[in-house]
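Here is a friendly walk through the fold you are about to see. Keep the viewer open and follow along, topic by topic.

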Amino acid sequence: MRRLSLVLTIATIGALAPRAQPQGRYERVVVGDPSPSRTVAPAARGTNYAVTSMSMYATLAAQKILDGGGNAFDAIVGGQAVLGYVLESSNGIGGDAVLLVYDAAKQKAWSVNAEGTAPKLATIEWYQQHQNGKIPVNDSLLSGTVPGVIDAWYILLSRWGTKTFGEVLAPAIDLAERGYPLSRARRPATPDSPFRKYPTSVRLLGLDRGWKEGEVYRNPDLARTLRRLVEAEQQARGQGREAGLRAARDRFYKGDIAREMAAFSEQNGGLFRYDDFASYTAKVEDPISIDYRGYTVYKNPSATQGPAELFALNLLEGYDLKSMGLNSADYIHTSVEAMKLAMADRDTYLGDMDFIQIPYDVLLSKRYAEERRKLIAKDKASAEFRPGDAGVQRPRDLTIGGDGDHEGDTSYIAVVDRQRNAITFTPSLHSGYGTKVAMGNLGFFLNCRGDYYSLVPGHANALAPGKRPRSTLQGTLALKDGKPFLVAGSPGGDHQCMMTMQTLLNIVEFGMNVQEAIEAPRWTTNSFPSSPFPHTMHPNESIVENRIPQAVRSVLVRRGHKLYVQGPWSIGSNAAILIDPASGALSAGADPRVHAAALAW
């Protein structure tokens, strides 16, 4: 069917004359199909492999490893190592991570939990006595957790990979030594920033020199730290590949690098000691899942907000979203109200499963969703905090109003290979440059995930020594008929679940391709307790991109939503890879809102 276009011509001076004899000045506006299939960026399509990440450097590094015979697990380690250098403000080896993995050989999904743990000296009583009952927010070693990323690397390589640390870290080491040209958006922190009180950070970022666009930024300290891992691997290589991988991992957590981190912490007011690093281990777990309209949607089970998306999907499954229409007032209202209920359950029930029991048998049930769905009013937004009754009573910890932050600074990378191994990898420092503290001369910043803990005893996310905080980190793995269909993820702090859910629904409900699903206008809400201390809730506050029509926004306001309208391309930064169930072809998408990059072959 031929596309029709409507031509509007607006006269500005005088009457409109025939085309052959125009009089005066005029403007001719061509209004095309209101729902064009064209996207800002094309989806990357291939049949062999696909990679997408928040940086072209990371995407190319992963591609290089795939072209060199590596599989998805090798490639994602190499890609994320580069990602941690070129986007060092949002992730790196001082960070934490969550991953979902599809093992094609065993046709099984796994969760990798590389969230950090609290130091053994970190207790609620200590912060009450020494910090006036407050946790510093994205500042100082007192807001940090033990880094988990390198142990995630080790798990990927030792359990599923084929390459050595030396092979997969080569691109990151080379780039950190040679440097890369800075863009306007990628310049290190400004000279008058809070980093000034941390000399190691001033030195690492070169704050005394001032950076300009196009200058080459190097991090030789990081290159040396990565080389130390490779050196340990090479010294143990006579004992086999696995022994080498373990030696590299142990040099970070049990060797001289761990001792340097512990000494630096003790000298600079931190609570980390050597045993906190030596006793750390990331965990491989069974993921949790629901069925959504014939798709099996997986999330990490422990110390993550990811399950909240499953709670919301269960609620939304009871509506005909397609008939509502994408981003109609009914659609956004219903979705926002579902997320409020899901996030109330997140705050009440989710945490580290080594310390608490999470009643997933109730929370993930369709019957529970049916009862919760009754709370969603068709024409009125709810300003209440309304967790459900899942059979466990826990105290609340929230602040109404104030300056609490729902944002975060995270990164993302996903890879699918020829065998259809699929990985979604969400690494982070939590906020920009994490604690703001560069760890000695090691070339990286420590995450600040510790400011997520609650200081209310008995809360699901209450601080305890060795406990993982309930992180905002999450990703999506979806299967169709038992085969991988989608991997997706997004930076964005508390908003991450809403970003990946919208991408999934855009594909499943509205038939979009992966790039269209990523580029579609977005909404989000802050009407639930924020993850960072002091866990601030902004009742009925929602945000939309201004591509959401004014008429829709007016209806939302009348229903009680306190609406903030942002720029047309301002919410979230998604990336995803879709595997066509019929042909097996790959489509990778990357968000034009940021400098994300996708490729496929």
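Two strands are said to pair if DSSP finds at least two bridges between them. With that in hand, please note that this is a predicted model. The tour begins with a sheet of seven strands, goes on to the nonpolar cores, and then stops at some individual residues.

**The seven-stranded sheet**

- The sheet is open and antiparallel, and its strands come in the order E3-E22-E21-E16-E15-E11-E10.
- Strand E3 (44–46) and strand E10 (288–292) are the edge strands; each has a single partner, so one side of each has no neighbour in the sheet.
- On average, neighbouring strands here are turned by 20° against each other, direction ignored.
- Inside the sheet, strand E11 (residues 295–299) pairs with E15 in the antiparallel sense through four bridges.
- To find this pairing in the viewer, look for Thr296, which stands opposite Leu479 in E15.

**Helices on the sheet**

- Helix H11 lies across E10, E11 and E15, and runs at about 25° to E10.
- Helix H16 (residues 496–508) also packs on the sheet, where it touches E10, E11, E15, strand E16 (483–489) and strand E21 (575–579).
- The direction of H16 makes about 140° with that of E16.

**Nonpolar cores**

- In soluble globular proteins, nonpolar side chains tend to be buried together.
- In this model, the largest nonpolar core holds 108 residues, and those with the most contacts inside it are Trp153, Leu156, Leu169, Leu226 and Phe252.
- Helix H2 (residues 72–86) gives the most to this core, with 10 residues.
- Leu156 touches Phe73, Ile76, Val77, Leu99, Val101, Gly161 and Phe425, leaving aside residues up to four places away in sequence.
- A second core, separate and made of 64 residues, includes Leu310, Cys497, Phe528 and Leu556.

**One face of helix H15**

- Which residues of helix H15 (residues 366–373) are buried? They are Tyr368, Ala369, Arg372 and Arg373.
- Looking down the axis of H15, you would find its buried residues within an arc of 135°, so they line one face of the helix.
- An α-helix has 3.6 residues a turn, so residues three or four places apart point the same way.
- Among the elements covering the buried residues of H15 are helix H11 (307–316), helix H13 (329–349) and helix H14 (360–363).

**A buried arginine**

- Arg249 sits in helix H8 (residues 241–253).
- Is Arg249 buried or exposed? Its relative accessible area is 1%, under the 20% cut-off, so Arg249 is buried.
- The side chains of Arg249 and Asp250 are joined by a polar contact of 3.0 Å.
- Not counting residues up to four places away in sequence, Arg249 touches Asp151, Tyr154, Phe165, Lys254, Tyr280 and Thr281.

**Backbone spots to check**

- Most residues other than glycine have a negative phi, and most peptide bonds are trans.
- Asn327, in the loop between helix H12 (321–324) and H13, has a positive phi near 60°.
- With 7% relative accessibility, Asn327 counts as buried.
- His430 is not a glycine either, yet its phi is positive, at about 85°.
- This histidine, His430, belongs to the loop between strand E14 (422–428) and strand E15 (475–480), and is buried with a relative accessible area of 1%.
- The peptide bond from Phe533 to Pro534 is cis, with omega near 10°.
- Pro534 is in the loop between strand E17 (523–525) and strand E18 (536–537).

How values were computed
Residues numbered from 1 in each chain as written. Predicted model: local features only at pLDDT ≥ 70, side-chain atom pairs only at ≥ 80, totals over all residues. Heavy atoms only, no water. Helix = DSSP H or I, 4+ residues; strand = E, 2+ residues; numbered from the N terminus. Buried < 20%, exposed > 50% of the residue type's maximum accessible area, 1.4 Å probe, protein only. Polar contact = N/O pair within 3.5 Å; in protein donor to acceptor, adjacent residues only side chain to side chain. Contact = heavy atoms within 4.5 Å. Arc of directions from axis to C-beta. Core = buried A, V, L, I, M, F, W, Y, C linked by side-chain atoms within 4.5 Å. Axes fitted to C-alpha atoms, helices over the stretch in contact; angles between N-to-C directions.
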